[in-house]
Each structure stands twice: as structure tokens, then as C-alpha cells.
Amino acid sequence: CNTSTNNITGFSAIPAGYFTPCAFFVGHESGFWSTTEIYSSAYHRSLMSGSPCVDDMSAPKANAYSVRCLRD
């Protein structure tokens with residue numbers, strides 16, 4: 001089953017990109033903030049277009065990543 005073509009997970013993300021104080025990335029990657037903080041940073045998950053991998057890393061809070069809102 002190829003989940004990239006049938007959206008079986010129900011999570012559709014577009015490559016909105018993200019912003020750091022040094023660069024702006026858009027078109028092939030998306031980053032989503034996590035609620036987990038670590039000192040003056042926070043964790044985020046990154047998705048890259050065409051890749052099944054999800055990266056989990058921390059970044060300064062000055063960076064701009066997307067936020068996913070869920071309805072109860």
C-alpha cells in the first residue's frame with residue numbers, strides 16, 4: 001500500500017516550508033512544531049516531499065514552523 005497516493009493516514013501536508021533567521025525554505029519541505037520544549041528551543045517534525053521519513057529535531061524558537069490544529 002502506497003500511503004503517499006491514497007492518504008490512508010488522513011494527514012495531508014503541503015510543503016509550506018519554514019523560516020530561520022538566515023534563510024527561508026519553501027516548496028519541498030514542511031516543519032511542524034511539537035509541544036515539547038528544551039531550554040530555549042523546541043522540537044519540531046520535518047517532512048520532505050517525496051520521502052517517507054519524518055525528522056525529529058530541536059530548533060530555536062526564533063524559527064518559524066507550521067502549527068497543526070486539531071479539533072476535539
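Good morning. A residue is called buried when its relative accessible area is under 20%, exposed when that area is over 50%, and partly exposed in between. I begin with this definition because several residues in this talk are placed by it. The structure before us is a predicted model.

Let me start with the chain as a whole. Buried residues make up 21% of its 72 residues. The chain holds 1 helix and 5 strands, and reading along the sequence gives the pattern α-β-β-β-β-β. Taken along the principal axes, the C-alpha atoms fill a box of roughly 40 × 30 × 20 Å. If we consider contacts between residues at least 6 apart in sequence, 25% of them join residues at least 24 apart.

I turn now to the aromatic residues. A pair of aromatic rings is described by the distance of the centres and the angle of the planes. How many aromatic pairs does a search of the whole structure find? The search finds 2. One of them is formed by Tyr18 and Tyr65, which are stacked, with 5.1 Å from centre to centre and 25° between the planes. This pair links distant parts of the chain: Tyr18 belongs to strand S1, residues 18–20, while Tyr65 lies in the segment after strand S5, residues 54–60, and 47 residues separate the two. Tyr18 has a relative accessible area of 13%, and therefore it is buried. Tyr65 also counts as buried, because its relative accessibility is 11% and the limit is 20%.

Trp33 and Tyr65 form an aromatic pair as well, and this one is edge-to-face, at 4.8 Å centre to centre with 80° between the planes. Trp33 lies in strand S3 and Tyr65 in the segment after S5, so this pair ties together parts that are 32 residues apart in sequence. Trp33 counts as partly exposed, because its relative accessibility is 24%, a value in between the two limits of 20% and 50%. Taken together, the ring pairs link Tyr18, Trp33 and Tyr65 into a cluster.

Trp33 brings us to the next topic, the second largest pocket, since Trp33 is among the residues that line it. Rolling a probe the size of a water molecule over the atoms shows where empty space is left. In the second largest pocket, that space comes to about 200 Å³. The lining consists of Phe11, Phe32, Trp33, Ser34, Thr35, Arg45, Leu47, Val54, Val67 and Arg68. Which elements give two or more residues to this lining? They are S3 and strand S4, residues 41–48. S3 gives the most, with 4 residues. By type, the lining divides into 6 nonpolar, 2 polar and 2 charged residues.

One residue of that lining, Ser34, deserves a closer look. Ser34 is found in strand S3, which covers residues 29–38. Its side chain reaches the backbone nitrogen of Thr36 at 3.1 Å. Leaving aside neighbours within four places in sequence, Ser34 is in contact with Tyr43, His44 and Arg45. Of these, Arg45 is itself named in the lining of the second largest pocket.

Next, the loop between S3 and S4, where Tyr39 has its place. Most residues other than glycine have a negative phi, and most peptide bonds are trans. What is phi of Tyr39, positive or negative? It is positive, near 55°. Tyr39 is exposed, because its relative accessible area is 79% and exposed means over 50%.

Further along, Ser41 lies in strand S4. Is Ser41 buried or exposed? At 17% relative accessibility, Ser41 counts as buried. Not counting residues up to four places away in sequence, Ser41 touches Ser58, Ala59, Pro60 and Lys61.

Finally, I return to an earlier part of the chain. Ala16 is placed in the loop between helix H1, residues 3–6, and S1. Ala16 is partly exposed, with a relative accessible area of 36%. Ala16 and Glu29 are 13 residues apart in sequence, and their C-alpha atoms are 6.7 Å apart in space. With residues up to four places away in sequence not counted, Ala16 touches Phe25, Val26, Glu29, Ser30 and Ser66.

To close, two points may be kept in mind. Ring pairs link Tyr18, Trp33 and Tyr65 into a cluster, and Trp33 also helps to line the second largest pocket. Thank you for your attention.

Technical notes: Residues are numbered from 1 along each chain as its sequence is written. This is a predicted model: local features need pLDDT of at least 70, side-chain atom pairs count only at pLDDT 80 or more; totals for chains, interfaces and linings use all residues. Side-chain values use heavy atoms; hydrogens and water are left out. A polar contact is a pair of N or O atoms within 3.5 Å; within protein, one must be able to donate a hydrogen and the other to accept it, and residues adjacent in sequence count only if both atoms are side-chain atoms. Contact means heavy atoms within 4.5 Å. On a 1 Å grid over the protein atoms alone, a cavity is a set of points where a 1.4 Å probe fits but cannot get out, and a pocket is an open set with protein on both sides within 12 Å along at least five of seven lines; lining residues have an atom within 4 Å of a point. Grid points are joined across faces, edges and corners, and a volume is the space filled by probe spheres set on the points. Ala, Val, Leu, Ile, Met, Phe, Trp, Tyr, Cys and Pro count as nonpolar, Asp, Glu, Lys and Arg as charged, and the others, Gly among them, as polar. Rings of Phe, Tyr and Trp (its six-membered ring) pair if their centres lie within 6.5 Å; planes under 30 degrees apart count as stacked, over 60 as edge-to-face and the rest as tilted. Buried means under 20% relative accessible area, exposed over 50%, partly exposed in between (1.4 Å probe, protein chains only).
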